[in-house]
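Welcome! Here is a short guided walk through a protein model, meant for someone who is meeting it for the first time.

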Amino acid sequence: MKKFTPLPDRYTEPAKQAGKVIRLEYKKGDFTKHCFVYLPYGYDENKKYNVLYTLHGGEGNLEAYLGNETEPSPIKHCFDNMIENGDIEPIIVVSPTYYDQVSFAGQVAKAADAVFAFNKEIRENLIPAVEGTFSTYAESTDEEEIVKTRKHRAFSGFSMGSLATWYTYINNLDEFFYFMPFSGDCWVNGARDKNIEGNAEAAAIILNEIPEKFGYSSKDFFIHAVTGDKDIAYGPMCNLIDALQKNAPAFVFTDEGENEGNIRWQVQEEAYHSYEYAPLYFYNVLPGFWK
Ligand code: FER
């Protein structure tokens, strides 16, 4: 397994070329929600941008990645610096929440329920709101067009947001090509309540069936899963990766990019369960997407 490249100095401090954080309201039925959207420096409506959707953890909220319009976060500065230095092409980043704007801080089971319900909202409300407002590869928000442009969409998330990333692969593989689960494994829906043993084995069987279910091959997606060796998700993620290596032939492990396989696993030494490592992980993962 390759080591992570250390984050360059000052990548979490304001860049010279600063993108913008915008608050975007959208409807979910009668309910109004919002998300924060990062537009890169020099955003131009006449250009097309790849989009990263990224989800917070069980005690987080929709400001976890980008901050907000007036107080941008270190992670937002990291996106600016990566783009300014040419590590990645300019991208749009979307930070939504699976909660209905209510604080369920500390209630992991509530987070799991919200995560399991969120994929419908991504498909029906979130993607149309974002990609109908900003300039992405999708020329319209028709389902067919969103599916056609799936190669230009990535999904990531931390902890319970990583659970959401595995579930977006399971439910919305037709809308996303790239996945970056960080610091969270794939709980089988309801397994916790039912006390099912061997969650990782059950998850591997489910994950293995997904590409065929959508009519895709092993070349039609790329997952780069990451965590730290001191992270509470390290053990569960190792179990999941082991189960995928043993029982899920749809997954072709690689230490390189998507031309060599479709799943890559990388672990940072001495890293704990924290957003603190998100800039390091984005810096190492995103340059491998959209190549
Ligand atoms: C995991 C480890 C921890 C995981 C989730 C958590 C989905 C969440 C912990 C919390 O929110 O307290 O592997 O996978």
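This is a predicted model, and a good place to begin is a helix lying on a sheet. Helix α1, residues 74-84, lies across β1, β2 (31-39), β3 and β4 (91-95). Relative to β2, the helix runs at about 40 degrees.

How much of α1 is covered? Mostly covered is the description that fits, since 9 of its 11 residues are buried, and buried here means under 20% relative accessible area. The buried residues are Ile 75, Lys 76, His 77, Cys 78, Phe 79, Asp 80, Asn 81, Met 82 and Ile 83. The cover over them includes β1, β2, β3 and β4, along with helix α8. Just after α1 comes Gly 86, whose phi is positive, at about 75 degrees.

**The sheet**

Now to the sheet itself. It is an open sheet of 8 strands with mixed pairing, and the strands follow the order β1-β2-β4-β3-β5-β6-β7-β8. At its edges sit β1 (20-28) and β8 (263-268), each of which pairs on one side only. From one strand to the next, the twist averages 20 degrees.

Two of the pairings can be followed in detail. Strand β3 (residues 50-55) and strand β5 (residues 153-158) pair in the parallel sense, over 5 bridges. In this pair, Val 51 stands opposite Arg 153 of β5. Further along, β7 and β8 also run parallel, joined by 6 bridges. There, Thr 227 stands opposite Val 267 in β8. Although β8 is an edge strand, 5 of its 6 residues are buried, so by the under 20% cut-off it is mostly covered.

**A pocket beside the last strands**

β8 also helps to line a pocket, the second largest in the model. This pocket has a volume of about 330 Å³. Its lining is made of 18 residues, and Glu 256, Gly 257, Arg 264, Gly 288 and Lys 291 lie nearest its centre. Three elements give two or more residues to the lining: β7 (222-228), β8 and α8 (278-285). Which element gives the largest share? That is α8, with 3 residues. Helix α8 has thus appeared twice on this tour, as it is also part of what covers the buried residues of α1.

**Some buried residues**

Let us look at a few single residues. The table lists five of them with their relative accessible areas.

| Residue | Place | Relative accessible area |
|---|---|---|
| His 34 | strand β2 | 12% |
| Asn 119 | helix α2 (residues 108-133) | 6% |
| Ser 159 | loop between β5 and α4 (160-172) | 16% |
| Ser 183 | loop between β6 and α5 | 1% |
| Trp 187 | loop between β6 (178-182) and α5 (191-194) | 14% |

Why does His 34 count as buried? Its relative accessible area is 12%, and the cut-off for buried is under 20%, so His 34 falls on the buried side. Its side chain makes a polar contact with the side chain of Arg 23, at 3.1 Å. Ala 111 is 77 residues from His 34 along the chain, and the C-alpha atoms of the two are separated by 18 Å.

Asn 119 is buried too, because its relative accessible area of 6% is under 20%. Leaving aside residues up to four places away in sequence, Asn 119 touches Tyr 167, Thr 168, Asn 171 and Asn 172.

Trp 187 counts as buried at 14% relative accessibility. A polar contact of 3.1 Å links its side chain to that of Asp 185. Ala 164 is 23 residues from Trp 187 in sequence, and their C-alpha atoms are 9.8 Å apart in space.

**Two serines with positive phi**

The two serines in the table share a backbone feature. Most residues other than glycine have a negative phi. Ser 159, however, has a positive phi near 60 degrees, and Ser 183 has a positive phi near 65 degrees. Which loops hold them? Ser 159 is in the loop between β5 and α4, while Ser 183 is in the loop between β6 and α5. Trp 187 also has its place between β6 and α5.

Key
Residues are numbered from 1 along each chain as its sequence is written. This is a predicted model: local features need pLDDT of at least 70, side-chain atom pairs count only at pLDDT 80 or more; totals for chains, interfaces and linings use all residues. Side-chain values use heavy atoms; hydrogens and water are left out. Two strands pair if DSSP finds at least two bridges between them. Helices (H or I, at least four residues) and strands (E, at least two) are DSSP runs, numbered from the N terminus. Axes are lines fitted to C-alpha atoms, for helices over the stretch in contact, and angles run from 0 to 180 degrees between N-to-C directions. Contact means heavy atoms within 4.5 Å. Buried means under 20% relative accessible area, exposed over 50%, partly exposed in between (1.4 Å probe, protein chains only). A polar contact is a pair of N or O atoms within 3.5 Å; within protein, one must be able to donate a hydrogen and the other to accept it, and residues adjacent in sequence count only if both atoms are side-chain atoms. On a 1 Å grid over the protein atoms alone, a cavity is a set of points where a 1.4 Å probe fits but cannot get out, and a pocket is an open set with protein on both sides within 12 Å along at least five of seven lines; lining residues have an atom within 4 Å of a point. Grid points are joined across faces, edges and corners, and a volume is the space filled by probe spheres set on the points.
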